[in-house]
Amino acid sequence: MKFNELTAEQLMASMALIGEAAEHIMQGGIGEDLVKEVAAYRGKAKGDAGKATEWAAGIIGKYLPRVMKENVEDLYKILAAVDGQSLEEYEACSDARKIVKDVAQLKKAMGKGGELQELVAGFFD
């Protein structure tokens with residue numbers, strides 16, 4: 001993963017690719033379930049941005065196996081984005097070993113203290 005090494009221009013392209021994948025994921029069954037979880041969380045959470053960031057990253061990790069099963073093309077977009085590549089570039093240089101490694105790194109990066117969790121924290125503060 002090279003997400004934290006991207007230039008501003010690469011970051012914006014990556015964020016657009018992640019947004020495209022997220023929008024598609026949210027339009028399906030995963031999205032319906034996520035909306036329910038967010039509503040339940042908001043009902044019991046009281047303004048602690050740190051906990052909200054941790055919770056949001058945990059939700060991503062929780063749903064990652066389901067995304068792998070139901071939205072594999074969107075998963076490729078996300079993996080490409082965090083690797084600083086277009087979907088086409090990522091698919092051209094990826095094999096099963098790289099994809100498994102990248103999924104594990106993504107899950108770790110979204111975990112507590114992970115570099116992507118810290119990056120997205122600004123959206124929740």
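This passage describes the fold of the protein chain and then the surroundings of helix α4.

The model is predicted. Across the protein chain, the pLDDT averages 84. A score of at least 70 is reached by 89% of the residues. Confidence varies along the chain. Helix α5, residues 87–93, has the highest mean, at 94. Helix α7, residues 115–120, has the lowest, at 72.

The protein chain is built from seven helices and zero strands. Its pattern along the sequence is therefore written α-α-α-α-α-α-α. The chain has 125 residues, and 34% of them are buried. Contacts between distant parts of the sequence were also counted. Among contacts with a separation of 6 or more, 61% join residues 24 or more positions apart.

Helix α4 spans residues 72–82. Eight of its 11 residues are buried, so the helix is largely enclosed by the rest of the structure. The buried residues are D74, L75, K77, I78, L79, A80, A81 and V82. Two charged residues, D74 and K77, are included in this buried set. After the helix comes G84, which has a positive phi, near 75°.

One partner of α4 is helix α1, residues 8–26. Two packed helices are described by the angle between their axes and the distance between the axes. Here the axes come within 8 Å. They cross at roughly 160°. An angle over 145 degrees counts as roughly antiparallel, so α1 is roughly antiparallel to α4. The crossing is left-handed. From α1, the contact is made by S14, L17, I18, E20, A21, H24 and I25. From α4, it is made by D74, K77, I78, A80, A81 and V82. Eight residues of this contact are nonpolar, two are polar and three are charged. The α4 residues in the contact, D74, K77, I78, A80, A81 and V82, also appear among the buried residues of the helix.

Y76 is found in helix α4 as well. Y76 is partly exposed, because its relative accessible area is 22% and buried means under 20%. Beyond four places in sequence, Y76 touches L87, Y90, E91 and I99. L87, Y90 and E91 fall within the span of α5, residues 87–93. I99 falls within the span of helix α6, residues 96–110. The C-alpha atom of Y76 is separated by 8.8 Å from that of A21, although the two residues are 55 apart along the chain.

Q85 sits in the loop between α4 and α5. Q85 counts as buried because its relative accessible area is 15%, under the 20% limit. Leaving aside residues up to four places away, Q85 touches L17, A80, Y90 and C93. L17 and A80 also take part in the contact of α1 with α4. L17 is 68 residues from Q85 along the chain, yet their C-alpha atoms are separated by 9.7 Å.

D102 lies in helix α6. D102 is buried, with a relative accessibility of 4%. Outside its neighbours within four places in sequence, D102 is in contact with L79 and Y90. L79 is one of the buried residues of α4. Y90 recurs in these contact lists: Y90 is touched by Y76, by Q85 and by D102.

Methods. Residues are numbered from 1 along each chain as its sequence is written. This is a predicted model: local features need pLDDT of at least 70, side-chain atom pairs count only at pLDDT 80 or more; totals for chains, interfaces and linings use all residues. Side-chain values use heavy atoms; hydrogens and water are left out. Buried means under 20% relative accessible area, exposed over 50%, partly exposed in between (1.4 Å probe, protein chains only). Helices (H or I, at least four residues) and strands (E, at least two) are DSSP runs, numbered from the N terminus. pLDDT is the predictor's confidence in each residue, from 0 to 100. Contact means heavy atoms within 4.5 Å. Axes are lines fitted to C-alpha atoms, for helices over the stretch in contact, and angles run from 0 to 180 degrees between N-to-C directions. Angles under 35 degrees count as roughly parallel, over 145 as roughly antiparallel, 65 to 115 as roughly perpendicular and the rest as oblique. A crossing is left-handed if the near helix is turned anticlockwise from the far one by less than a right angle, and right-handed if clockwise.
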